[in-house]
Amino acid sequence: VGGLPDGIVDTDMLAANAVNETKLATNQQQGLAKAWVNFNGTGTLAVRDSFNVSSVTDNGTGNYTINFTSAFPNANYVVTGTSGGQGSTSNGAVYQYDQGTAKTTSACNIITITTSGGFADAPQVAVAFFGD
């Protein structure tokens with residue numbers, strides 16, 4: 001291989017053929033969630049699992065701020081999610097809340113609502129963020 005006897009590989013050959021980890025980084029892969037979180041939004045807020053989320057702040061009934069570990073390059077990312085759960089009054093909707101707090105590169109405010117449009121805490125809240 002590469003002019004060397006069979007079975008011998010030198011460091012230059014390894015370096016030339018190595019997979020560049022930067023190319024595989026999540027923040028450079030289109031179509032992958034750049035951040036996500038699953039949390040209990042009732043009582044004392046509890047994050048079950050997350051990726052690139054440093055914390056979730058409870059701003060009051062059905063109103064949460066999700067803070068990112070690594071900031072997005074711009075605030076044009078997509079927000080999607082669901083809410084609900086056993087005994088929940090939430091209708092399964094998660095909405096980005098732009099009226100009071102626009103999303104930033106480091107955080108996004110979301111709300112969970114009832115079928116009549118009022119804010120409601122939910123035992124299951126799952127939100128994902130897609131962008132560059």
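1. Start with the core of this predicted model. The largest nonpolar core has 18 residues, and the members that touch the most others are I66, F68, I110, V127 and F129. Five elements each give two or more residues to this core: strand 1 (35–40), strand 3 (53–60), strand 4 (63–68), strand 7 (107–114) and strand 8 (124–130).

2. F129 deserves a look of its own. Setting aside residues up to four places away in sequence, F129 touches A33, K34, A35 and W36, then I66, F68 and F72, then Y77, V78 and V79, and finally C108. Two names on that list, I66 and F68, are also among the core residues with the most core partners.

3. Now the overall layout. The chain has two helices and eight strands, and both helices come before the strands, the order from the N terminus being α-α-β-β-β-β-β-β-β-β. Of the contacts with a separation of 6 or more, 56% are between residues 24 or more positions apart. Of the 132 residues, 32% count as buried. The accessible surface is about 7600 Å², and carbon and sulfur atoms account for 50% of that.

4. On to the sheet. Four strands make an open sheet in the order 2-1-8-5, with antiparallel pairing. Strand 2 (46–51) and strand 5 are the edges; each has a single partner strand, so one side of each has no neighbour in the sheet. On average, neighbouring strands here are turned by 10° against each other, direction ignored. Strands 1 and 2 run antiparallel and are joined by five bridges. If you want a spot to check the register, N40 stands opposite A46 in strand 2.

5. Just past that edge strand, have a look at N52. This residue sits in the loop between strand 2 and strand 3, and its phi is positive, about 60°, although N52 is not a glycine. Is N52 buried or exposed? With a relative accessible area of 17%, N52 falls under the 20% cut-off and so counts as buried.

6. N63 is another asparagine to inspect, this one in strand 4. N63 is buried too, at 13% relative accessibility. Which side chain does N63 meet in a polar contact of 3.0 Å? That of N109. Beyond its neighbours within four places in sequence, N63 is in contact with T57, D58, Y97, N109, I110, I111 and F119. One of these, I110, is a core residue from point 1.

7. My last stop is K103, in the loop between strand 6 (90–96) and strand 7. This lysine is buried, with a relative accessible area of 18%. What does its side chain reach? The backbone oxygen of A75 is at 3.5 Å from the K103 side chain, while the backbone oxygen of Y77 lies 2.3 Å from a polar atom of that side chain. I'd look at that second distance by eye in the model. Leaving out neighbours within four places in sequence, K103 is in contact with A75, N76, Y77, V78, V79, Q96, D98 and C108. Several of these turn up around F129 as well, including Y77, V78, V79 and C108.

8. N76 goes with K103. N76 lies in the loop between strand 4 and strand 5 (78–84), and the C-alpha atoms of N76 and K103 are 8.6 Å apart, although 27 residues separate the two along the chain. Their burial differs: N76 is exposed, at 65% relative accessible area, whereas K103 is buried.

Note on methods: Residues are numbered from 1 along each chain as its sequence is written. This is a predicted model: local features need pLDDT of at least 70, side-chain atom pairs count only at pLDDT 80 or more; totals for chains, interfaces and linings use all residues. Side-chain values use heavy atoms; hydrogens and water are left out. Buried means under 20% relative accessible area, exposed over 50%, partly exposed in between (1.4 Å probe, protein chains only). Contact means heavy atoms within 4.5 Å. Accessible areas come from the Shrake-Rupley method with a 1.4 Å probe; for residues, only the protein chains shown count as cover. A nonpolar core is a set of buried Ala, Val, Leu, Ile, Met, Phe, Trp, Tyr and Cys residues joined through side-chain atoms within 4.5 Å. A polar contact is a pair of N or O atoms within 3.5 Å; within protein, one must be able to donate a hydrogen and the other to accept it, and residues adjacent in sequence count only if both atoms are side-chain atoms. Two strands pair if DSSP finds at least two bridges between them. Axes are lines fitted to C-alpha atoms, for helices over the stretch in contact, and angles run from 0 to 180 degrees between N-to-C directions.
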